[in-house]
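Trainee: Could you take me through one strand closely, and then work outwards to what surrounds it? Short steps would help me follow.

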Amino acid sequence: MFHYTHLFQPIHVRNAYVKNRIESAPMSPSGDVPFYTREAYEMYNSIAKGGAGIVTLGEAGVHSLTDHAHPTMPHLDDETLLPSLIQTVDTVHKWGALASIELTHSGCRAKGAFLAEGGYVIGPSPMEANLYGDRVIEMDEDMMNTIADAYAQAAYMAEFAGCDIVNIHGGHGWLISQFLSDLNNHRTDKYGGSIENKARFPLMIVDRIRQKCPNLILEFRLSGQEETEGGITIEETVEFAKMLDGKVDIIHVSAATFHDTSSSARMFPTVFYPRGCNVDNAAKVKAVVKKSLVSVVGGINDPDFMEDVIASGKADFVVAGRQFIADPDWPRKARKGKADEIKKCIRCETCISAGFIPHVPFSSGVLRCSVNPTWGREYENTRKEEKVPYAKKVLVAGGGPGGMEAAITAARRGHQVILCEKNDHLAGSLDYAKQISFKQDIVQFLKSMVINVQRTPNLELRLNTEVTEELIAEEKPDTLIVACGAEPVIPPIPGLDKPMVHHVTDLYKKHLSVGKKVVVIGGGLAGCEEGLDLAWKGHEVSIVEMKDGLAKDAPYIHWRHLLEKMEGAVTSYCSAKVLSVEEDGVKILDQDGTELLLEADTVLVAAGMKGTLPKYEKWHELAEEVIFVGDCRKASKILEAMRTGYCAGVTI
């Protein structure tokens with residue numbers, strides 16, 4: 001029996017058969033060259049194998065002379081790409097999926113230093129300096145014709161390589177949407193002003209591609225709204241959709257623009273947005289188009305929600321990006337009725353923020369996922385995850401994310417695994433997430449991890465069981481994996497022994513009653529998120545941080561949105577020093593050296609965590625092989641816990 005009948009209902013698009021209504025969002029692979037590398041083959045292969053109906057290759061430029069926003073961005077005016085592109089498309093077709101590729105031009109967001117020799121930066125309107133300091137030349141009609149022809153030629157080359165679809169990127173503040181948006185288009189000629197005028201160049205591109213490639217499926221990606229003052233509105237988008245109707249086969253509804261960094265929180269929806277935040281806009285587009293189909297993206301990760309979107313007629317396709325990174329097999333699991341095993345994306349923004357230049361120092365060129373430790377190293381790990389020649393007995397101490405991942409991976413490879421957790425449930429260190437409204441993604445992820453632990457063969461789970469030297473001696477494991485977590489850092493501040501002082505990790509473990517006025521000592525990610533949640537619950541919250549900024553350990557996009565949410569809700573003191581905790585509050589020195597008393601009924605210490613490896617280092621003689629993973633080794637985030645856990649399980 002198959003589940004989600006609407007989500008997995010086949011559909012025909014321009015004489016092509018699409019096996020279901022699931023499309024992967026444009027995503028570029030890890031790599032250090034602008035080619036479709038072995039890592040790219042493996043990445044897109046995993047998405048196609050997982051069950052997507054349409055697999056979209058990441059952004060590909062169309063005109064090297066004027067377009068380059070990333071150092072390793074491929075361009076389809078370079079014929080040397082063809083062999084690797086053809087092989088990549090072949091990997092998608094192997095699993096019965098259609099292959100799509102996103103065509104883009106960065107326009108006034110191009111970086112001159114990345115352009116081909118003799119290159120120059122162009123846009124709908126002139127700029128003395130763009131975000132990289134490069135002069136932007138206003139496009140005349142000759143330039144428009146050149147770029148429109150470049151799109152058509154790129155589509156032709158993609159079709160030659162076997163691509164079934166080209167996704168014309170007309171959103172997110174790239175060149176096409178620069179023409180559609182008053183943020184960038186200040187023209188007074190026939191290409192500016194009204195939506196009809198602003199649409200001329202985008203429609204020119206669509207028409208050129210269709211003339212060159214009459215049988216190719218065209219998908220047009222747009223920002224339903226730009227989520228910033230003066231940007232594109234949904235009303236304008238609906239009018240533009242009417243003009244696109246029938247010219248393209250699919251209208252793909254996203255949101256936001258790179259020209260306002262804060263709107264990136266909507267482009268790659270953070271935990272502060274509801275899942276599927278673009279569905280209502282997609283429904284408005286769907287209501288006015290007669291010939292084109294509609295797809296929608298935006299933090300969508302739940303097959304039940306997806307089924308409702310399709311069944312209710314709000315869209316014809318659902319598009320997922322980060323969820324495919326978190327678990328590329330999620331469509332297969334959903335169709336088989338095993339949706340509860342899907343490892344859910346937690347929207348931490350780690351994958352997106354890694355390449356978010358110029359707002360981060362470097363584009364790492366490598367994708368990382370907090371909940372999927374194999375992502376970004378597909379060829380190295382996934383293909384090499386072979387069954388073991390003989391099974392070892394593995395004892396895992398600690399049932400947090402790192403311990404669970406280590407146990408699952410080792411058992412999956414054929415080892416006999418015992419996972420011990422001293423508490424009565426797994427992942428107790430993350431119980432705080434259950435109480436915070438915007439951390440429910442982590443709760444869902446942990447549920448799937450627990451289910452996978454329970455259903456993995458060769459894996460015995462023992463709760464209420466603390467691993468001791470006596471237990472190790474009794475079980476005699478071949479390999480001991482130590483995942484015993486971290487412990488709080490307690491700074492040497494006078495008064496921390498007062499009854500109103502608690503460590504932030506104890507807030508929900510001990511069901512503490514929090515007073516009206518709260519002071520949080522420590523403005524890292526944990527302190528800020530807890531402080532914000534308490535503020536939203538009606539408490540008066542002050543955060544004291546010794547560094548010059550808050551939550552500097554957060555991924556960039558989440559950091560930006562978190563600080564926006566905190567503004568006006570929480571009072572913060574950065575570059576400040578806590579002197580002591582008094583009976584009526586916390587005494588600090590602010591950044592100007594002024595002594596202040598912050599009134600408090602409750603004081604929460606969030607000064608960080610430290611690894612517990614020194615406590616367990618003596619265990620190295622108790623088994624043939626001892627591996628330390630997760631926070632035990634070094635206090636960090638879920639990403640490091642999952643990766644070190646996976647590496648332990650895969651190398652035994």
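**A strand and its surroundings**

Mentor: Start with the side chains of strand S9. Ile217, Glu219, Arg221 and Ser223 point one way, while Leu218, Phe220 and Leu222 point the other way. All of them are buried (under 20% relative accessible area; exposed is over 50%, partly exposed in between; 1.4 Å probe, protein chains only). S9 covers residues 217-223, and seven of its seven residues are buried, so the strand is mostly covered. Helices (H or I, at least four residues) and strands (E, at least two) are DSSP runs, numbered from the N terminus.

Bear in mind that this is a predicted model: local features need pLDDT of at least 70 and side-chain atom pairs 80 or more, whereas totals for chains, interfaces and linings use all residues. Residues are numbered from 1 along each chain as its sequence is written, and side-chain values use heavy atoms, leaving out hydrogens and water.

Now look to either partner of S9. Strand S8 (residues 165-170) runs parallel to S9, joined by six bridges. Two strands pair if DSSP finds at least two bridges between them. One of these links matches Ile165 with Ile217 of S9. Strand S10 (residues 250-254) also runs parallel to S9, with five bridges. Here Phe220 has Ile251 as its bridge partner. You have met Phe220 already: it is one of the buried residues of S9.

What links S9 to S10? Helix H7 (residues 234-244) completes a right-handed β-α-β unit with the two strands. Right-handed means that, with the strands pointing away from the viewer, the path from the first strand over the helix to the second runs clockwise.

Follow H7 to its neighbour, helix H9 (residues 279-288). Their axes come within 9 Å and cross at roughly 35°. Axes are lines fitted to C-alpha atoms, for helices over the stretch in contact; angles run from 0 to 180 degrees between N-to-C directions. H7 brings Ile234, Thr237, Val238, Ala241 and Lys242 to the meeting. H9 brings Asn281, Lys284, Val285 and Val288. Contact means heavy atoms within 4.5 Å. By class, this contact has five nonpolar, two polar and two charged residues. Ala, Val, Leu, Ile, Met, Phe, Trp, Tyr, Cys and Pro are nonpolar; Asp, Glu, Lys and Arg are charged; the others, Gly among them, are polar.

Parallel pairing turns up again further along the chain. Five strands form an open sheet in the order S15-S14-S13-S16-S27, with parallel pairing. At its edges are strand S15 (459-462) and strand S27 (625-628), each pairing on one side only. From one strand to the next, the twist averages 15°. Strand S16 (residues 479-482) runs parallel to S27, joined by four bridges. In S27, Ile627 is the bridge partner of Ile481. Helix H14 (residues 401-412) packs on this sheet, touching strand S13 (393-397), strand S14 (416-420), S15 and S16. Its direction makes about 165° with that of S14.

Pause at Glu475, which is found in helix H16 (residues 469-475). Is Glu475 buried or exposed? It counts as buried, because its relative accessibility is 12%. Beyond its neighbours within four places in sequence, Glu475 is in contact with Lys393, Ile418 and Arg462.

A second open sheet of five strands has the order S18-S25-S19-S20-S21, and its pairing is parallel. Strand S18 (501-503) and strand S21 (571-573) stand at the edges with a single partner strand each, so one side of each has no neighbour in the sheet. The twist averages 20° from one strand to the next. S18 and strand S25 (residues 602-605) pair in the parallel sense over three bridges. Among them, Val501 has Val603 in S25 as its bridge partner. Helix H18 packs on the sheet and touches strand S19 (517-521), strand S20 (540-544) and S25. The direction of H18 makes about 165° with that of S20.

H18 (residues 525-536) also packs against helix H19 (residues 556-566), at an angle of about 35° with the axes 10 Å apart. Leu525, Cys528, Glu529, Leu532 and Trp536 of H18 make the contact with His558, Leu562, Lys565 and Met566 of H19. These residues divide into six nonpolar, one polar and two charged.
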